Amino acid sequence: MSHQTVTAELRRWIVSQSEAGCRTEDLIASMIRSGWSEDIALAAIEAAGAERGLPAATALAAAAMPEPALAGAPTLLRTADRELRVLATLALPRVVVFGGLLADDECDALVELARPRLARSETVDNSTGGSEVNAARTSDGMFFERGETALIERIERRIAELVNWPVERGEGLQVLRYRPGAQYKPHHDFFDPAHPGTAGILRRGGQRVATVVMYLNTPAGGGATTFPEVGLEVQPVKGNAVFFSYERPLASTRTLHGGAPVVDGEKWVATKWLREGVFA
């Protein structure tokens, strides 16, 4: 429907849905299901906001987001218990690469805590909101409860301080092991509003809004975290981490990402997903 234009009727419908409490991402998902492109859906919402006397930025404004304190382009950031390096930043997608988020002994301890509990990793089943084994993800993994041990509690507090997002709005840490050849094909971390199982998932803390991937070892070859839409590859270096956020559950955030195949050795990572609300 890319040839269709934003009509006054469509703008009125958007306004009526918004006034009824419909969220912007749900409006966009509904329009995409009806055949509109994401670009036109966004343009229509901007136009509806302008018709009500709101600037486009207000019409599409997102809630507060996790974000490190990077005003002034610092090369170092300090939390209550650690100093980190800012290695790289990107605006779209919003990506920040940190050096030294974890100490070597913290990495080793997480690996040993996780090792006996590993099982084949699963992905979200979009039709039910449950989980399932998926050929796109060939790692082994496990989840810790939030605050399960003193080490995990310390790391969670550090992440919360670093990205300015409360601990209670985060899922428990997930630890993954990728053997040689294992990978995670490109995907999004947010839950697609168009899928029937998403409503059930969102009852536990709302949407995911950001991800922190921490590298627990340095594999001999391969295993980069890739962002194929922008040609970015983040190499897995022990103790380093990559943070990325997505203010809406839309492809336009350009946060499509994956774990490239491990070529030599194993790759261990710990992942922290941040939610828009309290995760229970």
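How much space lies in the second largest cavity? About 40 Å³ of space lies there, and the close-up views described below, all taken from a predicted model, show this cavity together with the largest one and the strand β8.

**View 1. The second largest cavity and its lining residues.** The structure holds two cavities of 30 Å³ or more, and the second largest of them, with about 40 Å³ of space, is lined by Glu-156, Ile-159, Ala-160, Trp-165, Pro-166, Val-167, Lys-272 and Leu-274. Helix α6 (150-163) and strand β17 each supply at least two residues of this lining, and the largest share, three residues, comes from α6. Sorted by class, the lining of the second largest cavity has six nonpolar and two charged residues, with no polar residue among them.

**View 2. The largest cavity and the strands that line it.** About 170 Å³ of space lies in the largest cavity, whose lining is made up of 16 residues, with Tyr-178, Tyr-184, Val-213, His-257 and Thr-271 lying nearest its centre. At least two lining residues come from each of the strands β8, β9 (184-187), β10 (208-215), β15 (257-259) and β17, and β17 gives the most, with four residues. By class, the lining of the largest cavity divides into six nonpolar, seven polar and three charged residues.

**View 3. Strand β8 and the burial of its residues.** Strand β8 (residues 174-178) is largely enclosed by the rest of the structure, because five of its five residues are buried, where buried stands for under 20% relative accessible area. Gln-174, Leu-176 and Tyr-178 point one way from the strand, whereas Val-175 and Arg-177 point the other way, and the residues of both sets are buried. Tyr-178 also appears in View 2, as one of the residues that lie nearest the centre of the largest cavity.

**View 4. The pairing of β8 with β7 and β17.** Strand β7 (residues 140-143) runs antiparallel to β8 and is joined to it by four bridges, and within this pairing Phe-143 has Gln-174 of β8 as its bridge partner. Strand β17 (residues 267-275) also pairs with β8 in the antiparallel sense, over five bridges, and here Arg-177 stands opposite Trp-268 of β17. Strand β17 links this view to the earlier ones, since it supplies four residues to the lining of the largest cavity and at least two to that of the second largest cavity.

Key: Residues are numbered from 1 along each chain as its sequence is written. This is a predicted model: local features need pLDDT of at least 70, side-chain atom pairs count only at pLDDT 80 or more; totals for chains, interfaces and linings use all residues. Side-chain values use heavy atoms; hydrogens and water are left out. Buried means under 20% relative accessible area, exposed over 50%, partly exposed in between (1.4 Å probe, protein chains only). Two strands pair if DSSP finds at least two bridges between them. On a 1 Å grid over the protein atoms alone, a cavity is a set of points where a 1.4 Å probe fits but cannot get out, and a pocket is an open set with protein on both sides within 12 Å along at least five of seven lines; lining residues have an atom within 4 Å of a point. Grid points are joined across faces, edges and corners, and a volume is the space filled by probe spheres set on the points. Ala, Val, Leu, Ile, Met, Phe, Trp, Tyr, Cys and Pro count as nonpolar, Asp, Glu, Lys and Arg as charged, and the others, Gly among them, as polar.
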